[in-house]
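Open the structure in your viewer and keep the selection tool at hand. The tour below goes from stop to stop, saying what to select and what is there.

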Amino acid sequence: MVKQWIALVGIINMMAFPAMARIWVIDKDKSILSFNAIQNDANVSGTFENFDGEINFDPKKLNESYINITVDMVSLTSSYKEMTDTLKKSDWLAVSNFPKAVFESKEVTLVKDKHYSAKGMLTLRDQTLPLTVEFDLDEYADTHASVKGSASLSRTAFGVGQGEWKDTSSVKDKVVVTFIIDATPQAK
Amino acid sequence: MLPINNSNQRYGLVSVLFHWLMAILIVVMLILGLYMATLPLGPDKLKLYGLHKAWGAIILGLVVLRFLWKLSQLTPLLPSSMKKWEIGAAKIGHAALYVLMVAMPLSGWMMSSAAGFPVSVFGWFSLPNLVEPDSELKVLFAEIHESLAFALIAVIIGHVGAVILHYIRKEPILQRMLPW
């Protein structure tokens with residue numbers, strides 16, 4: 001009888017608290033999300049000031065790890081106000097119609113050493129397409145973790161740059177998104 | 001065939017080449033600059049800005065070489081028929097041209113740096129940014145670049161006007177810079 005009770009409690013526990021990798025809370029002050037594009041053969045960049053997400057990551061439980069990042073597209077800034085304003089307009093990111101971009105991955109794998117890849121889907125504007133994010137786990141401790149990484153995407157595949165901007169000779173198709181994410185474990 | 005070096009009478013081949021090559025580039029750049037600024041933002045505008053910036057970098061390089069060459073050379077003497085103030089005006093005018101030939105590309109480079117759009121020279125290489133990206137600085141350098149452009153146009157008009165004046169007076173000034 002006692003054994004059965006213990007088993008039952010165990011089952012209820014598993015249902016209520018499924019075995020999960022560790023949950024991390026993004027430290028917004030220390031985390032950075034930016035993009036780099038090539039315009040006229042020279043780099044241009046900008047940052048998204050505001051992004052958040054659910055990160056469930058444990059190097060020992062990669063099969064249970066998942067990453068959901070939501071980017072506030074309105075929070076885009078760059079060194080050049082005219083560029084920021086232009087990128088927010090309908091031809092580019094159309095932030096009033098598509099205020100959020102979302103990356104979701106449930107496929108986090110170790111590539112080598114501290115280098116990981118997260119295969120998932122990116123929703124940007126009205127397109128949802130596969131995207132692989134690569135990152136290095138720079139720090140992983142009980143109280144703090146830090147990763148930095150990048151992903152490369154085709155802006156035209158997502159419809160970023162409509163009309164005459166589909167032309168990729170002045171603004172190249174490839175855009176590299178880079179990030180540093182600092183996180184602390186969620187309080188239990 | 002023109003001698004390579006300047007003499008007391010006339011400019012040599014290298015000076016003549018520098019003068020006319022840069023004259024053409026500068027006039028085209030002034031027209032291009034004034035034109036492209038009026039275009040609506042689009043790929044065409046960006047391409048013209050890219051060209052303008054690349055050629056600006058080339059001109060900056062050329063003016064440095066040209067100035068070093070000038071330092072190593074004689075300056076042909078001015079006609080003795082010229083009045084003292086005219087000689088003074090000629091010297092100030094030429095000094096202004098050199099200052100503006102340096103200040104124009106430099107202010108454009110600063111403007112590009114402040115905008116966060118580095119200057120790429122035809123994709124061969126990019127110039128380093130002179131200042132950190134900054135919206136207010138960008139506006140300031142843009143205004144300086146534009147004002148200098150109008151100053152340069154004024155000095156060029158003075159330069160060409162003086163050549164015409166000398167021509168009318170039958171003073172041999174233009175001949176000293178002609179390639180023949």
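The stops cover strand pairing, aromatic rings and salt bridges in a predicted model.

**Stop 1: strand β1 of chain A**

Select β1(A), residues 23-26. The strand has two faces: W24(A) and I26(A) are on the covered one, while I23(A) and V25(A) are on the uncovered one.

Now add β4(A), residues 51-56. β1(A) and β4(A) run antiparallel and are joined by two bridges. Within this pairing, I55(A) of β4(A) is the residue opposite W24(A).

Next, add β11(A), residues 171-185. This strand is also antiparallel to β1(A), with three bridges between them. Here V25(A) faces T184(A) across the pairing, the latter belonging to β11(A).

**Stop 2: aromatic rings in chain A**

Keep W24(A) selected and add F57(A), Y116(A), F135(A) and Y140(A). Ring pairs connect these five names into a cluster. Over all chains, the whole structure holds 11 aromatic pairs.

For a single pair, select F35(A) and F48(A). Their rings are tilted, with 6.1 Å from centre to centre and 50° between the planes. F35(A) is in strand β2 and F48(A) in strand β3 of chain A, so that the pair spans 13 residues of sequence. Are these two rings buried or exposed? F35(A) is buried, because its relative accessibility is 10% and the cut-off for buried is under 20%. F48(A) is buried as well, also at 10% relative accessibility.

**Stop 3: salt bridges in chain A**

Over all chains, a search of the whole structure gives eight salt bridges. Two of those in chain A come next.

Select K28(A) and D52(A). They form a salt bridge whose closest N and O atoms are 3.6 Å apart. K28(A) sits in the loop between β1 and β2 of chain A, whereas D52(A) is in strand β4, and the two are 24 residues apart. K28(A) is partly exposed at 43% relative accessibility. D52(A) is partly exposed too, with a relative accessible area of 34%.

Then select K172(A) and D41(A). In this salt bridge the closest N and O atoms are 3.9 Å apart. Which parts of chain A does the pair tie together? K172(A) lies in strand β11 and D41(A) in the loop between β2 and β3, so the bridge connects parts that are 131 residues apart in sequence. K172(A) has a relative accessible area of 31% and is partly exposed. D41(A), with 38%, is likewise partly exposed.

**Stop 4: a salt-bridge network in chain B**

Move to chain B and select E86(B) and R169(B). Their side chains form a salt bridge, with 2.2 Å from N to O. E86(B) is in helix α3, residues 84-115, and R169(B) is in the segment after α4, residues 135-168; the pair therefore ties together parts 83 residues apart in sequence. What is the accessibility of each partner? E86(B) is buried, its relative accessible area being 9%. R169(B), at 34% relative accessibility, is partly exposed.

Finally, add E171(B) to the selection. Salt bridges with shared partners join E86(B), R169(B) and E171(B) into one network.

Methods. Residues are numbered from 1 along each chain as its sequence is written. Chains are lettered from A and ligands numbered from 1 in the order in which they are written. This is a predicted model: local features need pLDDT of at least 70, side-chain atom pairs count only at pLDDT 80 or more; totals for chains, interfaces and linings use all residues. Side-chain values use heavy atoms; hydrogens and water are left out. A salt bridge is a side-chain nitrogen of Lys or Arg within 4 Å of a carboxyl oxygen of Asp or Glu. Helices (H or I, at least four residues) and strands (E, at least two) are DSSP runs, numbered from the N terminus. Buried means under 20% relative accessible area, exposed over 50%, partly exposed in between (1.4 Å probe, protein chains only). Two strands pair if DSSP finds at least two bridges between them. Rings of Phe, Tyr and Trp (its six-membered ring) pair if their centres lie within 6.5 Å; planes under 30 degrees apart count as stacked, over 60 as edge-to-face and the rest as tilted.
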